[in-house]
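Visitor: Could you walk me through this protein, one question at a time?
Guide: Gladly; here it is.

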Amino acid sequence: MICKQRILYFILLVPFGCAGLHLDHYGRLSADSEVTTVFERYQVDPDSYYYISGPDCFPNAIIGVNRAYVLETTLWKKLEMMPAVLQKLVKNMRTQATIHQGFSILDTQGKKIGIWYSIPSAATYVRMKDQRSVIIPTPHIDAYDKSEKRLFPGIQ
C-alpha cells in the first residue's frame, strides 16, 4: 500500500513541479483598455521600439517594447514610429476587422515592458529569455481570416 501511494505521488506531483520550473520564464499579455486608447489615439511612446507583424499596410499586430528590453526576433519588423504612421496602420487594421484590443506586455513579475494591439484572438505568449531579453511570437499569418471563420463559421 505504501509503495502504491509513493508511485501515485510521483506520478501526480512530480510532473506539476517540473512544469512550474518552466513557467517562471513566462510573462503574459493582459487586456488593457488604456493601451487600446493609446493606439486608437495614435500616441507614440518615445521610450519604446515599435514592430509590426504581417503585411506592411495591414499588420496583424503592432507592438511597442520598452527600449530597456531587447525583442529577440526575426519575424517582427521594426519601424520608426510616428503618430502619422501609427494612424495609417491602425486605420488599415480596422478595415480588416472592426474589433481590436490593446494589451499590456508584462514580464514574469507583472511589470509592464510594452504594449500590443491586434484583434483579440491574435494575442500570443511572452517568454523572458533573461532579465532584459524577451521573445514574443508573432500572431498566425492569417489571423484575420481565422478570426472571421471563428465568428462566422459558414465562411469558406
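Visitor: In what sense do strand 1 and strand 6 pair, and over how many bridges?
Guide: Strands here are DSSP runs of E with at least two residues, and helices are runs of H or I with at least four, both numbered from the N terminus. Two strands pair if DSSP finds at least two bridges between them. For strand 1 and strand 6 the sense is antiparallel, and the number of bridges is four.

Visitor: Before we go on, what kind of model is this?
Guide: Residues are numbered from 1 along each chain as its sequence is written, and side-chain values use heavy atoms, leaving out hydrogens and water. Local features need pLDDT of at least 70, side-chain atom pairs count only at pLDDT 80 or more, and totals for chains, interfaces and linings use all residues, since the model is a predicted one.

Visitor: Which residue of strand 6 stands opposite A31?
Guide: Strand 1 and strand 6 are antiparallel partners. Opposite A31 stands F103.

Visitor: Why is strand 6 described as largely enclosed?
Guide: A residue is buried under 20% relative accessible area, exposed over 50% and partly exposed in between, using a 1.4 Å probe and protein chains only. Strand 6 is largely enclosed by the rest of the structure because, of its six residues, the number buried is five.

Visitor: In what order do the six strands of the open sheet lie?
Guide: Pairing in this sheet is antiparallel. Its edge strands, strand 1 (28-31) and strand 5 (77-79), each pair on one side only. The order is 1-6-7-3-2-5.

Visitor: Over how many bridges do strand 6 and strand 7 pair?
Guide: These two strands form a hairpin with five residues between them, where G110 takes a positive phi near 85 degrees. Q101 stands opposite S118 in strand 7. The antiparallel pairing of strand 6 and strand 7 has six bridges.

Visitor: Which strands does helix 2 touch as it packs on the sheet?
Guide: Contact means heavy atoms within 4.5 Å. Axes are lines fitted to C-alpha atoms, for helices over the stretch in contact, and angles run from 0 to 180 degrees between N-to-C directions. The direction of helix 2 makes about 65 degrees with that of strand 7. The strands touched by helix 2 are strand 1, strand 3, strand 6 (101-106) and strand 7.

Visitor: Which helix supplies the largest share of the largest nonpolar core?
Guide: A nonpolar core is a set of buried Ala, Val, Leu, Ile, Met, Phe, Trp, Tyr and Cys residues joined through side-chain atoms within 4.5 Å. The largest one has 18 residues, and F39 and I119 are among those with the most contacts inside it. The largest share is four residues, and they come from helix 3.

Visitor: How many aromatic pairs are there, and why is that of F39 and Y117 called stacked?
Guide: Rings of Phe, Tyr and Trp (its six-membered ring) pair if their centres lie within 6.5 Å; planes under 30 degrees apart count as stacked, over 60 as edge-to-face and the rest as tilted. The whole structure holds three aromatic pairs. The rings of F39 and Y117 have centres 5.0 Å apart and planes at 20 degrees, so this pair is stacked.

Visitor: How many residues apart in sequence are the parts that W76 and W116 tie together?
Guide: The pair of W76 and W116 is edge-to-face, with 5.6 Å centre to centre and 80 degrees between the planes. W76 is buried at 6% relative accessible area, and W116 is buried at 0%. Because W76 lies in the loop between strand 4 (70-71) and strand 5 and W116 lies in strand 7, the parts tied together are apart by 40 residues.
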